[in-house]
Amino acid sequence: MLRLATWNVNSLKARLPRVEEWIEQMQPDVLCLQETKLADGAFPALTFQAMGYECAHHGQGQWNGVAILSRCGLADVRAGWDDGGEADLDARLLWATCGDLRVACAYVPNGRALDDDHYAYKLRWLERLRTALDDHEDPSALVAVCGDFNIAPDDRDVHDPAAFVGATHVSEAERAALTRLENWGLADVFRDHYDDGGLFSWWDYRRGDFHQGRGMRIDLVLTSASLTPKARTVLIDRNARKGKQPSDHAPVIVDLDLDLDR
DNA sequence: ATGGTCGTTGCACGA
């Protein structure tokens, strides 16, 4: 069994004690982190190495930053875009091969508001991710695209859809961009296991939203057709959102029926 | 009550 997880930690510097504790408890084999908010030189690689993980980090400091930790191999690392287009100033995308699994760690732009330039950047970014899949990846392989998508795939993934009319994360264009990614040959593996709404991965720090159940499911694991049926258990670890100094996101865990030997 | 909290950095802004 291979335990794959993804977690937006909202600053790895602020979150390192919680992340270390969580790794000890949950023992992921592959862990994708978003919003490390660290420069590459500040990434605590030795800490994770001491816990048995190889690491790749693509960071810029202050904002963004993505990492992949693996204790089942780490090869063919690629950071950002390789499409001949303009460089992305934001560190939001990292790829690695971990054993038999091709993994992407994505921190999709927030979008801010429908009329904001950042929203157009978000849609372009998602289209570029589809292009990266077309250009570099094999849809028949074992592929997992993990991360904070900043998109609630449907209204079950929002605590109050009426409150989000006209807002980012739920717009038709964002959801269509996600569908276009899925049309490459990926499935939202959480939805393969649960039909229920009200199961969220992010809650605003304000207003006691976590304890009031006001959240969204925006952290996703998209699995290729050969990988999807290998998922034995999918869960959002909302316990990680409790307690002192939590991230505003909870980790998503997928246990995959894959051999760890290579 | 048209805010509320965190993170960054540095007294503002992003999420």
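1. A good place to start is Ala96, which stands opposite Val103 in strand S7. Please keep in mind that this is a predicted model, in which local features need pLDDT of at least 70, side-chain atom pairs count only at pLDDT 80 or more, and totals for chains, interfaces and linings use all residues. Residues are numbered from 1 along each chain as its sequence is written, chains are lettered from A and ligands numbered from 1 in the order in which they are written, and side-chain values use heavy atoms, leaving out hydrogens and water.

2. Now to the strands around S7. S6 (residues 93–98) and S7 are antiparallel partners, with six bridges; strands here are DSSP E runs of at least two residues, numbered from the N terminus, and a pair needs at least two DSSP bridges. Two residues lie between the strands in this hairpin, where Gly99 takes a positive phi near 65°. With S8 (residues 143–148), S7 pairs in the parallel sense, again over six bridges. There, Asp148 of S8 is the bridge partner of Tyr107.

3. How many residues of S7 are buried? Seven of its seven are, where buried means under 20% relative accessible area (1.4 Å probe, protein chains only). Leu101, Val103, Cys105 and Tyr107 point one way, while Arg102, Ala104 and Ala106 point the other. In a regular strand, side chains alternate between the two faces of the sheet.

4. Next, the nonpolar cores, meaning sets of buried Ala, Val, Leu, Ile, Met, Phe, Trp, Tyr and Cys residues joined through side-chain atoms within 4.5 Å. The largest has 33 residues, and Leu4, Ile68, Leu101 and Leu256 have the most contacts inside it. S7 (residues 101–107) supplies the largest share of this core, four residues. A second, separate core of 23 residues includes Val145, Phe149, Leu181 and Trp184.

5. Leu4 deserves a look of its own. Beyond its neighbours within four places in sequence, its contacts (heavy atoms within 4.5 Å) include Val30, Leu101, Ala144 and Leu256.

6. Finally, DNA strand B. Around it are 13 residues (each with a heavy atom within 4 Å), of which Ser11, Arg15, Arg112, Arg206 and Arg207 come nearest. Sugar and phosphate make up 55% of the strand B atoms that come within 4 Å of the protein. The residues of this surface divide into four nonpolar, four polar and five charged, with Asp, Glu, Lys and Arg counted as charged, Ala, Val, Leu, Ile, Met, Phe, Trp, Tyr, Cys and Pro as nonpolar, and the others, Gly among them, as polar.

7. Which side chains have a polar atom 2.7 Å from a phosphate oxygen of strand B? Ser11 has one, and so has Arg112. For Arg15, a side-chain N or O atom is 3.4 Å from a phosphate oxygen of strand B.

Technical notes. A polar contact is a pair of N or O atoms within 3.5 Å; within protein, one must be able to donate a hydrogen and the other to accept it, and residues adjacent in sequence count only if both atoms are side-chain atoms. Buried means under 20% relative accessible area, exposed over 50%, partly exposed in between (1.4 Å probe, protein chains only).
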